[in-house]
Amino acid sequence: MWCTFPISLPLLFRVLLLALFSIPFVSTVSIHAKRQSQPPNADLQPTTMVPSEAEILFKIMETMSSDQTWRVSYPNPCKPGSSWPGIECKPGSDNFLHVSRLDFGSSPNPTCKRTATFPSQIFTLPYLQSVFFFNCFTHTKTSLSFPPNNLSNSSLQQLSLRSNPALFGPIQPQISSLKALQILTLSQNHFTGPIPVEIFSLTSLVHIDLSYNMLKGSIPTQVGNLINLVGLDLSYNSLTGSIPDMIGQLAMLQKLDLSSNSLVGSIPDSIEKLKFLVFLALSNNRLGGNFPKGLFMLQSLQYFIMDDNPMFITLPVELGMLVKLQELRLANSGYSGSIPPSLSMLMNLSTLSLQNNRLTGEIPMSFGSFSHIYHLNLSKNLLDGVVPFNANFLERLGRNLDLHGNPGLCLSSAEADSVKIGVGICSKNLSLSKPVKKSQAAPGLSYSFFLFGVLGVFSVHQISFLL
């Protein structure tokens, strides 16, 4: 044993020494490797803006609002936790924050001062995607203007200027420089002049609202270029001419509102191509003539509003084939003849307005089966006979049922106490079940065959369309 001890002790010492240094060495390498695997500033987000962009924003705010001393109160507009109201910022690849949205005019966003004028500098903010000015330009006359430099690199997708009574002048053709624009809302201002043709080069547009202005001239035929358009509202202007046939090229269109203008002619036949159209408003124009032959093709239509036009035709039977209709408004348009019984097929109908026309004959018996209707106005026509509604129907509609101004209409004595609807009580010798004269049988038969024929054509069309 004594002869082996001098050999074992140095060996044991070296083993312990190796163990002592090897353990921390391995640990240090491991930690260093983990640190190297993480990207630099992985947990850091940008907190500042590019100084030039911040300066543009300060100038915009000084032009628009006096709510704050913006440079003093919010020296870093995009800083998280202390950003301005009405502003949204997004980090860029350059490790700076950039303004992506500006909102003015309604609380909690900055309000606009009386001397506010339109700040064309907004178009020079390179990352700006959405701008909203609501009720901002109310006292100091101003116009929609654009900076002289090229805006083709603009990121702006939504421009909304609503309810600005001091926003005057034409819509500048330079608006076509905003190539990324998808939503253009210029409603309830005082824009004048024609609709610039250049707008219709913005093929990214999905919604245009130029309503409630003072625009003149015709609807440009180039409107057909906007094949991605879902909504088009040109109502409450002074537009003239006819509805362009190219409107039928807007295959994605769901809303078309051209009401309250001075449009003439008839509804173009091409409208039958608008398979997704849900809302169609053409009221208060000078439209006339027959309805399009393919009107029944609008199988997505839920709202058809066409009051106050000099139509002077009979109501087409095909209206009853628009089975998704919820509102049908055809008042004050000179329609004559009887009310087509086919309208009773519109079981989703909630509003039917046919007042102030020249409609004759009886109210179709089947109207009493309308289960969703809450507003029915047949007043000021030449209708006659017994009102075909029971007490439950009369009570459900109440004052929303208006039949006054039809001297030949009367209400059965059994229902007379239900509600006041503007008609008198029938005499005892007048009943709902009138005998049918021989001369009346043939028209009823021909109507049935006609309706069957129309439905048959529609079915064949559906099959060919699916194929």
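**Notebook: a first look around the model**

Entry 1, aromatic rings. I counted the aromatic pairs in this predicted model, and the count comes to 12. I picked out Phe118 and Phe123, a tilted pair whose ring centres are 6.0 Å apart, with 45 degrees between the planes. Are these two buried or exposed? I found that both Phe118 and Phe123 are buried. They also belong to one aromatic cluster, together with Phe104, Phe133, Phe137 and Phe146.

I then turned to Phe367 and Phe370. Their rings make a tilted pair too, at 4.9 Å centre to centre and 45 degrees between the planes. Phe367 and Phe370 are both buried.

Entry 2, confidence. I wanted to know how far to trust what I see. The protein chain has an average pLDDT of 83, and 80% of the residues score at least 70. Residues 1–43 have a pLDDT below 50, and I see one contact for this stretch beyond its near neighbours in sequence. Residues 432–467 also have a pLDDT below 50, but here the model shows 25 contacts beyond near neighbours in sequence. A note to myself: where pLDDT is low, the predicted coordinates should not be read in detail.

Entry 3, helix α2. I checked the length of this helix, which covers residues 51–64. Its 14 residues, at 1.5 Å a residue, should span 20 Å, and the end C-alpha atoms are indeed 20 Å apart, so the two agree. Next I asked which residues of α2 are buried. They are Glu53, Ala54, Leu57, Phe58, Ile60, Met61 and Met64. Looking down the axis of α2, I see these buried residues fall within an arc of 160 degrees, so they line one face of the helix. Pro51 and Ser52 are exposed, on the other side of α2.

Entry 4, Asn357. Where does this residue sit? I located Asn357 in the loop between β20 (351–353) and β21 (358–361). Although it is in a loop, Asn357 is buried, because its relative accessible area of 7% falls under the 20% cut-off. I followed its side chain to two backbone oxygens. A polar atom of the Asn357 side chain lies 3.1 Å from the backbone oxygen of Leu330, and the side chain reaches the backbone oxygen of Leu354 at 2.9 Å.

Last, I listed what touches Asn357, setting aside neighbours within four places in sequence. Its contacts are Leu330, Ala331, Asn332, Ser333, Gly334, Tyr335, Lys380 and Asn381. Leu330 thus turns up in my notes both as a contact of Asn357 and as the owner of a backbone oxygen 3.1 Å from its side chain.

Conventions: Residues numbered from 1 in each chain as written. Heavy atoms only, no water. pLDDT = per-residue confidence, 0-100. Contact = heavy atoms within 4.5 Å. Helix = DSSP H or I, 4+ residues; strand = E, 2+ residues; numbered from the N terminus. Buried < 20%, exposed > 50% of the residue type's maximum accessible area, 1.4 Å probe, protein only. Polar contact = N/O pair within 3.5 Å; in protein donor to acceptor, adjacent residues only side chain to side chain. Expected span 1.5 Å × (residues − 1). Arc of directions from axis to C-beta. Phe/Tyr/Trp six-rings, centres within 6.5 Å; stacked < 30°, edge-to-face > 60°.
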